[in-house]
Each structure stands twice: as structure tokens, then as C-alpha cells.
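With the model open in your viewer, please follow the selections below in the order given, keeping earlier selections visible as you go.

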Amino acid sequence: MSKNGQSKPNNQPAGPCVMVIFGASGDLTRRKLIPALYNLAAANLLPSRFAIVGFAFDPLTTESFRKQLNDEVQSFETAALDPKLWQSILERTFYIQGDFKDPAAFQQLKEKVEQADLDYHTEGNRFFYLAVAPGFFSEIVKQLGQAGLVQQQNGHWSRVIIEKPFGHDLDSARQLNADIKKVLDESQIYRIDHYLGKETVQNIMVFRFGNSIFEPIWNRSFIDHVQITAAESVGVEHRGAYYERAGALRDMVPNHLFQLVTLTAMEPPVSFEADAVRQKQAEVLHAIQPSSPEDVLQNMVRGQYGAGAEGTQPALGYRAEPNVAPDSATETFVALKLSLDNWRWAGVPFYLRTGKRLGKRVTEIAIQFRRTPFVLFRNTPIKELQPNRLLIQIQPNEGISLSFGAKVPGPVMNLGVVKMDFDYARYFGSAPSTGYERLLYDCMIGDATLFQRADTLEAAWKILQPVLDVWSALPPRNFPNYAAGSWGPPEAEALLARDGREWREPD
């Protein structure tokens, strides 16, 4: 049973509810949320008793909002539309125009939600998606509380999904948690990370804990190091103003990359229940050794892209992008070396890197195992043994591969590296997905496993606070320091080279 006494269904439609989207006229709603809801409906996971209420400042009506969604859905939907099914979603979609700070607008919202409860028999259940700028999070939650929209009584539930970034440092994250907990219980707060909606990310726990051949060797006795890469080939595009405030560290590390670290490094939970899984993830973050200023200078690298090329096309440098300062000191690349001080991982470095305008769009986790002793091959033509590597690919293609050595046929002892590949689409077929379907569905059924808990989020910011402090005190002197289309600044290569290692270049 989940909280509020609601059972978790197994491949069954979620229970009746109303979804309210704040920032409904924005890009995220059109590109991801509405297509995800359609995909859930096509998979028979969206409740039949369901309604959508959009709330934004733009001067739209329900009719013009529906027309806007209808005109653009073909551009963002991941499969051919069933016109009848799509029409049924549109007919249950409404719009409220209002200011996020206006109590009167929230009274209008309350009336619309209560009317939807009556019209669609949603039983007083509702969830609110905050697809808005972070500065509005606290205000919207406060207004929801004052309007009586998030009370849970008589078996009815109310939940709030909050987009990243959740704070911009440790103090702001703590303050934001304190603000929203004045109104909401922790069980009502769903801090979303869309990376966790990807099948391969969800499969990491199944892969590790459901296969007896891997878990016994998933430790410091067999693993040399771990590399996690989240690379984008594009620049900041139209997000220059946001990126100037955030930068690559805040944008990617405390959420996406640390989630991948915790799933890779966590101890086995006793169940897949949310509290059991998230407790083990929190333990990983608490085990990461804190950084001194000297550690930051030694083990943390930042970069900013200059002019270069994306494929065969010329690419602008970051400082030439729209809404970016011509002398900007914002990092578009980070690489970190982390050390976990626990029995499983002591002595095994975790190398993380993420950035814009890199050589390829790819997100992957590379587990490199220790080299075997060379003595057996001393008197053969073989000069070096390649270590085994397990590769978990998250995007753009989802799959898992294992590389190992095998003898090349012939009279002379020679080794080649071969791969065993598992590709999701090839084995299971591809299902239409935006990456948000599982997360929206989980919120509807009250499963918070794939959402961040308050203490986990604060632990992530606590790890990064020394980096933020040093980098703000010592502005970079060499930006831009890598060309668009490359794999980052030379300091990132040096970070691994000092340890006798090198980054894996994605295939």
C-alpha cells in the first residue's frame, strides 16, 4: 500500500484525478507533458475519469488553449495520433488565465478544479505540476495552501510535482524545502528528474539486483573506476538567460548525474518501495567525501565552449549565443572526481562529466573492471590486456553492453575485444515515450520511488557547495577553453591522466 491507503496497480489505469499544470502555455507542456498524457492514454494507463486544467499568465481561453495544443501536437507526439483518443483528451482540457501571485486567480482555479471533480467524477484527487521558473515555486505552493487546494481529507489525495532546479545552492535548497513544507507534507512533494523516466535508468536496479552474476562483483575488489557522461552536442540554444544563472554544475549535477551515481553505487534495498530505495540512495550521497578548497582545485574541472563545429556546420561560441554576456564566466562543462568512503567503494573513483557542444549527444555509465594479471601472456605477442567494461547506455539509444577479450582465430596468440550487446528497442520493441510517462503515472498512483526526497537533495547540494564557493571566489581566467564539437577542455583529460586513466570516447 502507498501513502493515503492507495494500492499500487500493476499495469492498470491510475485512479481518477485532475491534473493542474502551472506554466501551461510554456514549452514543456507542449513538448513533453501533453504528449506523455496521450501516450499514457494510448497505453490504457490514464484514468477514464481525468481532466487537465492549465494555468498561466498568457491571455488564452480554454478554446484557444485547446487550439494551440491541437496545432502543435503532431510536432511533438512520438507516435501516430488516434484522432478519437486525442479528441477525448482535448475535450477534458481547460485553461485559467491568471497571475501566480493573485489569490483571486487561485479562487478561479479552485472553482474550475471543483467543477472538473463534479463533471468527471475525479473524487477530489488532484496533482499540480509546476512547469514554471524556480522563483515561483514557493509562491505557488503558498497560494495553493491558502486556496485550500492541497488539503488531504476523507481519503482524497493532493500532490505537487516540482521541476528542477530545486534551489541554486545549499542554503536556497534548505529554504525552499522549509517554505513548501509549511504547506505540504513530504509525502505530497514530488521533486521530478526526467532522467529517471528513462527505461535504462529504471533498469539499473533490476540489472544489478536481479542477476546473480553481477552483484557479487559490483564492488572495489573487482571494479577499477566508474565513468558517468552526460554530453550534449547542441549549445544552450534559446536558454541563454537561464544558463547564465545556472551553469552546467547546477543544471545537471545535483539532479541528473547524482541520481545516476546513487543508482549505480547504492546498497540493495529490502524492497522497491519508495522509502526503502531512497534511503539507500541517500546513504550513497552521505558517503561521498567532502571537498576542501584544495580538493576542488585538484578534482573539479570547469569549461566553456568557444567557436567550433557541430558535425559539418560551424557553431558559435557560448559568449556569442543569445542572452549571454560577452565576457560570461558561466561554465558549460564540468568534470568531477568523487570518492565514496564506504566498504563497497573505497578506493574506486567516480568520474563525472557533462557539458554542452561536446562531440556527441550521449548519456552513459561505464563500469571499468580491474585488469587481470599479465603473467600468463608474458611470452606472447600480446603487449597489453584490455580491461573488461560494462556500458549502460541511457541516451540516445538505450541498452547495455559488456566488452571482454577473446582470442583472434589463427596460429598466433592474439587478443581482440568483443562485445555482448543488449538493445532495448531490438529486444522489446520501442514504445512511444517522452520520458515523462512513467513519472506522471507514478505520481498518480502515489509511488515516489523515482522522485527526490528533501534530505537527498540537500545532501547533493552539500557536496557541491565547496565547489560553488571556490568557483565564485576564483573566476576562470581561460574561458573559452574548449572548441565546440570537442570533448571538453584539456584539464578534463588531465584529471584522469593523473590517475593513469582516460575518458572513454563514446562510440
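In this predicted model, begin by selecting Leu33, Pro35, Ala36, Leu37, Asn39 and Leu40 in H1, and then add Glu437, Leu440, Tyr441 and Met444 in H12, which are the residues that these meet. Coloured by residue class, the contact of H1 with H12 divides into eight nonpolar residues, one polar and one charged. Now widen the selection to the whole of helix H1, residues 27-42, and helix H12, residues 437-445, whose axes lie 9 Å apart and pack at an angle of about 70°. Because angles of 65 to 115 degrees count as roughly perpendicular, H1 is described as roughly perpendicular to H12.

Next, select strand S2, residues 50-56, where seven of the seven residues are buried. Which residues point one way from S2, and which the other way? Phe50, Ile52, Gly54 and Ala56 point one way, whereas Ala51, Val53 and Phe55 point the other way, and all of them are buried. In a regular strand, side chains alternate between the two faces of the sheet.

Add strand S1, residues 17-22, which runs parallel to S2 and is joined to it by six bridges; to find a point of reference along this pairing, look for Phe22, which stands opposite Phe55 in S2. Tracing the chain from S1 through H1 to S2, you follow a β-α-β crossover that is right-handed.

Finally, select strand S3, residues 93-97, which pairs with S2 in the parallel sense over five bridges, and centre the view on Val53, which stands opposite Phe94 in S3.

Conventions. Residues are numbered from 1 along each chain as its sequence is written. This is a predicted model: local features need pLDDT of at least 70, side-chain atom pairs count only at pLDDT 80 or more; totals for chains, interfaces and linings use all residues. Side-chain values use heavy atoms; hydrogens and water are left out. Axes are lines fitted to C-alpha atoms, for helices over the stretch in contact, and angles run from 0 to 180 degrees between N-to-C directions. Helices (H or I, at least four residues) and strands (E, at least two) are DSSP runs, numbered from the N terminus. Angles under 35 degrees count as roughly parallel, over 145 as roughly antiparallel, 65 to 115 as roughly perpendicular and the rest as oblique. Contact means heavy atoms within 4.5 Å. Ala, Val, Leu, Ile, Met, Phe, Trp, Tyr, Cys and Pro count as nonpolar, Asp, Glu, Lys and Arg as charged, and the others, Gly among them, as polar. Buried means under 20% relative accessible area, exposed over 50%, partly exposed in between (1.4 Å probe, protein chains only). Two strands pair if DSSP finds at least two bridges between them. A crossover is right-handed if, with the strands pointing away from the viewer, the path from the first strand over the helix to the second runs clockwise.
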